Amino acid sequence: MSVEELTLSQAQELRRGTVVLACLALLRKPQYGYALLETLDDAGVTVDGNTLYPLLRRLEKQGLLTSEWNTDESRPRKFYSVSPDGSRVREGLVREWQDLVASISRLTKENE
């Protein structure tokens, strides 16, 4: 495996853990799955639909998201939004993320 392939593989592992936080951050405003995929992609967080939809269902089952069907348009869509518990978890994850970024920044600066 080349260095480029290894880097891509490791970068994918790094991003995988951030998708939950990204979804909880974006779903302060209700969105349906496909729109969320596009918003994530536009933000540079590329996620496959086969990864996102099970994640949304899992987060809903855990009580971190709520959902509601919108049948006003010709195609019914399930809109997801963050629950009150999801908001609290998001706040905790943001703190964890900020602490982790600060720690990794210190480590990488120390080793330059």
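**Entry 1: the E2/E3 pairing**

I started with Trp69 and looked up its bridge partner in E3, which turns out to be Lys78. This is a predicted model, so I keep the pLDDT limits in mind: local features need at least 70. Next I checked Asn70, and its partner in E3 is Arg77. How many bridges join strand E2 to strand E3? I found 6, with E2 covering residues 65-70, E3 covering residues 77-82, and the two running antiparallel. I then followed the chain from E2 into E3 and found a hairpin that makes the link through 6 residues.

**Entry 2: the other side of E3**

I turned to strand E1, residues 31-32, and asked how it pairs with E3. The sense is antiparallel here too, over 2 bridges. For a concrete pair I noted Gln31, which stands opposite Tyr80 in E3. Putting the strands together, I wrote down an open sheet of 3 strands in the order E1-E3-E2, with antiparallel pairing. I marked E1 and E2 as the edge strands, since each pairs on one side only. A reminder to myself: strands of a sheet pair through backbone hydrogen bonds, either parallel or antiparallel.

**Entry 3: Ser81**

I stayed in strand E3 and picked Ser81. Is Ser81 buried or exposed? Its relative accessibility is 17%, and the cut-off for buried is under 20%, so I log Ser81 as buried. I listed its contacts, skipping residues up to four places away in sequence: Leu27, Pro30, Leu64, Leu65 and Thr66. Of these, I note that Leu65 and Thr66 fall within E2, which spans residues 65-70.

**Entry 4: helix H2**

I moved on to H2, residues 19-26, and counted how much of it is covered. The helix is mostly covered, with 6 of its 8 residues buried. Which residues of H2 are the buried ones? I got Val19, Val20, Leu21, Ala22, Cys23 and Leu24. Then I looked for what lies over them, and the cover includes helices H1 (3-16), H3 (33-42), H4 (49-61) and H5 (84-110), along with strands E2 and E3.

**Entry 5: Leu55 against H2**

I wanted a residue from one of the covering helices and chose Leu55 in H4. Leu55 has a relative accessible area of 8%, so I put it down as buried. Leaving aside neighbours within four places in sequence, I found Leu55 in contact with Val19, Val20 and Cys23. Those three are among the buried residues of H2. I also took the C-alpha to C-alpha distance from Leu55 to Cys23: 9.3 Å in space, with their positions 32 residues apart in sequence.

**Entry 6: Trp97 in H5**

I then went to helix H5 and looked at Trp97. Trp97 comes out as partly exposed, at 42% relative accessible area. Not counting residues up to four places away in sequence, I found that Trp97 touches Thr18 and Leu21. Leu21 is one of the buried residues of H2. I also checked Trp97 against Ala43: they are 54 residues apart in sequence and 17 Å apart in space, C-alpha to C-alpha.

**Entry 7: the whole chain**

I stepped back and counted elements: 5 helices and 3 strands. Reading along the sequence, I wrote the pattern as α-α-β-α-α-β-β-α. Why do I call the chain more spread out than a compact globule? The radius of gyration is 17 Å, well over the 13 Å that the globule rule gives for 112 residues. I also boxed the C-alpha atoms along the principal axes and got roughly 55 × 35 × 20 Å.

Buried residues make up 26% of the 112 in the chain. I sorted the contacts between residues at least 6 apart in sequence, and 42% of them join residues at least 24 apart.

**Entry 8: surface and charge**

I closed with the surface: the chain exposes about 8,200 Å², and carbon and sulfur atoms supply 52% of that. For charge, I counted 15 positive and 17 negative side chains. How far apart do the centres of the two sets lie? I got 5 Å.

Key
Residues numbered from 1 in each chain as written. Predicted model: local features only at pLDDT ≥ 70, side-chain atom pairs only at ≥ 80, totals over all residues. Heavy atoms only, no water. Helix = DSSP H or I, 4+ residues; strand = E, 2+ residues; numbered from the N terminus. Rg over C-alpha atoms; globule rule 2.2 N^0.38 Å. Buried < 20%, exposed > 50% of the residue type's maximum accessible area, 1.4 Å probe, protein only. Contact = heavy atoms within 4.5 Å. Areas by Shrake-Rupley, 256 points an atom, 1.4 Å probe, with all protein chains shown as cover. Lys, Arg positive; Asp, Glu negative; His and termini not counted. Charge placed at Lys NZ, Arg CZ, Asp CG, Glu CD. Pairing = 2+ DSSP bridges.
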